[in-house]
Amino acid sequence: MERSLIRKEVMPFLVMFGVLILATIITDALLHQFELVWIGRWLGIPGVILILLSFFYSMRKRKVIRFGKPKTLLVLHETMTWMGALLIMVHAGIHIYTILPWLALIAMLVNIISGMTGKYLLDRSRRFLAEKKEFYSQQGLSGAAIEKRLFLDATTFDLMKKWRAVHLPITLAFAVLGITHILTVLLFWQWK
Ligand code: HEM
């Protein structure tokens, strides 16, 4: 029981974060090895684009857009923010001179860890809700309808609500610091 708890809940979390750090170190080393360090300067841009694209999930959830399955968009949100963070960390590892980019980077990492905690809570509540599946099928709902309800139930689970109250302000802090960093870079841009 204890073992499966660690395997199912703690391990995926650690692996996801550990692989992110490892991938950053390897990419950074490769760029240095092949004398492509200059690329790192530009990696911040695709990184930000990936993170922005990941917000299709939030837009779908809040009915700003109507296309796409929420479940698929959430997986894309998790994957794109992970990849975006990787690119931004490689970008950051290569040239950080002032305090502002550091603050933006720390806010991003806190955001990533918070996102992973949310995923962990969501997976956990999904498991609890699996019991409900039985109940819905007894009510005669179709397989697809049951899946949809369970997904919605899991994201509205009480713990998720509390987590969201933390994740959203963190996102806001990251957004403010990130945008300020981008603006200062543009302001002091040297056209050489
Ligand atoms: C740059 C990093 C990230 C940012 C800025 C970010 C931002 C957000 C925002 C704003 C939401 C709220 C969506 C809404 O209610 O409209 C959200 C939800 C969520 N995020 Fe992230 N996130 C990041 C990274 C991650 C990562 C790395 C994961 C997991 C691997 C993740 C997993 C989730 C989950 C599970 C939800 C909740 C789904 C829900 O309650 O509907 N996030 N994220």
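Here are three short exercises on this predicted model, each with a worked solution. Residues are numbered from 1 along each chain as its sequence is written. Local features need pLDDT of at least 70, side-chain atom pairs count only at pLDDT 80 or more, and totals for chains, interfaces and linings use all residues.

**Exercise 1.** Check the span of helix H7, then find where H7 bends.

*Solution.* Helices here are DSSP runs (H or I, at least four residues), numbered from the N terminus. H7 covers residues 158–187, which is 30 residues. Expected span is 1.5 Å times one less than the number of residues, so H7 should span 44 Å, and its end C-alpha atoms sit 44 Å apart, which agrees. Now the bend, the angle between axes fitted to the seven residues ending at a position and the seven starting there: H7 turns by about 25 degrees at Arg-164.

**Exercise 2.** Which residues of H7 are buried, and what do they pack against?

*Solution.* Buried means 20 or more other C-beta atoms, placed from the backbone, within 10 Å of the residue's own. In H7 that picks out Phe-174, Gly-178 and His-181. Their packing partner is helix H5 (99–138), with contact meaning C-beta atoms within 7 Å.

**Exercise 3.** Find the residues that come nearest the ligand, then the element with the largest share of the shell.

*Solution.* Take residues whose C-beta atom, placed from the backbone, lies within 6 Å of the ligand. There are 25 around it, and Ser-58, Glu-78, Thr-81, Gly-115 and Gly-118 come nearest. Helix H3 (56–61), H4, H5 and H7 each give two or more residues to this shell. H5 supplies the largest share, 8 residues.

Terms used. Buried ≥ 20, exposed ≤ 12 C-beta atoms within 10 Å, placed from the backbone. Contact = placed C-beta atoms within 7 Å.
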